[in-house]
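Thanks for coming, everyone. I'll walk you through one structure today, starting from a single residue and working outwards. Please have a look at it first.

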Amino acid sequence: MAPYESDDNTGAGEADGLHPGRRRAVRYVVPVTVVGVAAATIGLVPALADSGDPDLPKITAQQLVEKIARSDVQRMSGTVKISTDLGLPDLGGLESGLISGAGKGGEGSSADPTSKLTELASGTHTLRVAADGQDRQKVSLIEKAAEYSLIHNGKDVWGYDSRSNEVFHGTAADSGKRHRAEVPAMPEDFADQALKSVDDTTSVTVDGTARVAGRDAYRLVVKPKHASGTTVGAISIAVDAGTGLPLKFTLTPASGGAAVVDAGFTRISFAKPAAATFDFTPPKGAKVTEEKDTGKDAGKGAGKDTGPARKDLAASGGPTVLGKGWNSVAVFGSGAEGGIPSSSGKGDPSGFLGSLGDRVSGKFGKGTVFSTRLINALMTDDGKVYVGAVTKDELVKAANTGR
């Protein structure tokens, strides 16, 4: 079995649903453009099919990246499997509650996509997706004995949680603006974000071919030229040979083991979905929350204490970036009065925060490093935060030299 071969090869695509000169509709989730890929960083060795894999025309990495950028899929439907393993500590379900509650500013609808779709940040999930042009898209998160659906149909955006029988209703963003429901989920979104960051510290090559969800595909491999300091091992992208649409995205860490992110189609069709796919009427008895009514209590209750930090970040114009390429580190001023609570118990009587990280010290002072298999963060006791896909030692180094 080829590395990108799906466990479910049924439902191969029919006619390619392309429309020249238009933005691809599948990019509804995160509309990121592939830009800034220098030819000097691209491997120019043509792809050669491995034994048993599709025998496709030779193509260079530069040509394959350009094929992705030109992809203009307007109509499609299929099933996507997403697995995320950041290596977060097991908090007995607490972390899921913290993630799902983020952004609600207190009580909110369980159908609000800003919180519901963040569940994709951990575990394995199955999505059913469909798109018919710029104005009709649907993503359904399949759960145990329940389903969450996000539907965009014309000017309306609906979120429906069958478990709680709650509905969220909003209005689609104006042209050129992003809607609050937009979060990375599709293989092409992960791929575009990876390719956008390609620079002269990156190696981009074509590594044979594969079959994904019944489609012939090329394998594009993106990885750091020098692995020292970064937690990223390699990124593999399966690119549909016919449409240029990324069908599967896999990010493996430098430490080895299972992929940190593995997102790919198990079934895909480029036929036009039935119009009824995007119809939605709130079920009888469902609680409906309007988007315009959310956020009225922002800054009250649980969210009140975040005000100073938000003002500090807004005033600073965003993070400062230290370093280059895969070893770059973003620096935030947290704005936390009195600094970050430490494992000594000051400001954190239970010592819970400190127990989740490692205490470090250096020229910058003292702080705590919180680690995952990909992203690490150093919170200093005087209120700065250093974040990057780099090792703990690299974070400390950045804090020492970039203060």
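Start with Asp161. Its side chain reaches the backbone nitrogen of Arg163, at 3.1 Å. Before I go on, a reminder: this is a predicted model. Asp161 has a second partner too. Its side chain and the side chain of Ser110 are joined by a polar contact of 3.0 Å.

Where does Asp161 sit? In strand β5. Is Asp161 buried or exposed? The cut-off for buried is under 20% relative accessible area. Asp161 has 3% relative accessibility, so it counts as buried.

Who surrounds it? Set aside residues up to four places away in sequence, and Asp161 touches Ser110, Ala111, Lys116, Glu147, Tyr148 and Glu166. Take Tyr148 from that list. It lies 13 residues from Asp161 along the chain, and their C-alpha atoms are separated by 4.6 Å.

Now the strand itself. β5 covers residues 156-161, and it pairs with β6. The sense is antiparallel, over 6 bridges. To find one position in that pairing, look at Asp156: it stands opposite Thr171 in β6. The two strands form a hairpin, with 4 residues between them. In that hairpin, Asn165 takes a positive phi near 55°.

Next, β6. This strand is residues 166-171. How enclosed is it? 5 of its 6 residues are buried, so β6 is largely enclosed by the rest of the structure. Besides β5, it has β12 as a partner. Here the strands run parallel, joined by 4 bridges. Two positions help you follow this on screen. Val167 stands opposite Val288 in β12. His169 has Glu290 as its bridge partner in β12.

Let's zoom out to the sheet. It is open and has 12 strands. Read across, the order is β7-β8-β9-β10-β11-β1-β2-β3-β4-β5-β6-β12, and the pairing is mixed. Which strands are at the edges? They are β7, residues 202-212, and β12, residues 287-290; each pairs on one side only. From one strand to the next, the twist averages 15°.

A helix packs on this sheet. That is α4, residues 187-196. It touches β1, β8, β9, β10 and β11. Its direction makes about 60° with that of β10.

There is also α1, residues 61-70. Its buried residues are Ala61, Gln62, Leu64, Val65, Lys67 and Ile68. What covers them? The cover includes helix α4, plus strands β7, β8, β9 and β10.

Move along the sheet to β1, β2 and β3. β1 and β2, the latter being residues 123-132, pair in the antiparallel sense over 10 bridges. In that pairing, Ser77 stands opposite Ala130 in β2. β2 then pairs with β3, residues 136-143, also antiparallel, over 6 bridges. Leu127 has Leu141 in β3 as its bridge partner. β2 and β3 make a hairpin with 3 residues between them. In the turn, Gly133 has a positive phi of about 80°.

Last stop: Asn376. This residue is found in strand β17. Its relative accessible area is 4%, so Asn376 is buried. What does its side chain reach? One partner is the backbone nitrogen of Thr372, at 3.0 Å. Another is the side chain of Ser371, through a polar contact of 3.5 Å.

Asn376 has a long contact list. Leaving aside neighbours within four places in sequence, it is in contact with Thr231, Phe370, Ser371, Tyr386, Val387, Gly388, Val390, Thr391, Lys392 and Leu395.

Keep Leu395 in mind, because it is one of the buried residues of helix α7, residues 392-402. The others there are Glu394, Val396, Ala398 and Ala399. And what lies over α7? Its buried residues are covered by strands including β13, β14, β15, β16, β17 and β18. β17 is the strand that holds Asn376.

To recap the two residues: Asp161 is in β5, and Asn376 is in β17. Each one uses its side chain to reach a backbone nitrogen, of Arg163 for Asp161 and of Thr372 for Asn376. That's the tour. Over to you.

How values were computed
Residues are numbered from 1 along each chain as its sequence is written. This is a predicted model: local features need pLDDT of at least 70, side-chain atom pairs count only at pLDDT 80 or more; totals for chains, interfaces and linings use all residues. Side-chain values use heavy atoms; hydrogens and water are left out. Two strands pair if DSSP finds at least two bridges between them. Axes are lines fitted to C-alpha atoms, for helices over the stretch in contact, and angles run from 0 to 180 degrees between N-to-C directions. Contact means heavy atoms within 4.5 Å. Buried means under 20% relative accessible area, exposed over 50%, partly exposed in between (1.4 Å probe, protein chains only). A polar contact is a pair of N or O atoms within 3.5 Å; within protein, one must be able to donate a hydrogen and the other to accept it, and residues adjacent in sequence count only if both atoms are side-chain atoms.
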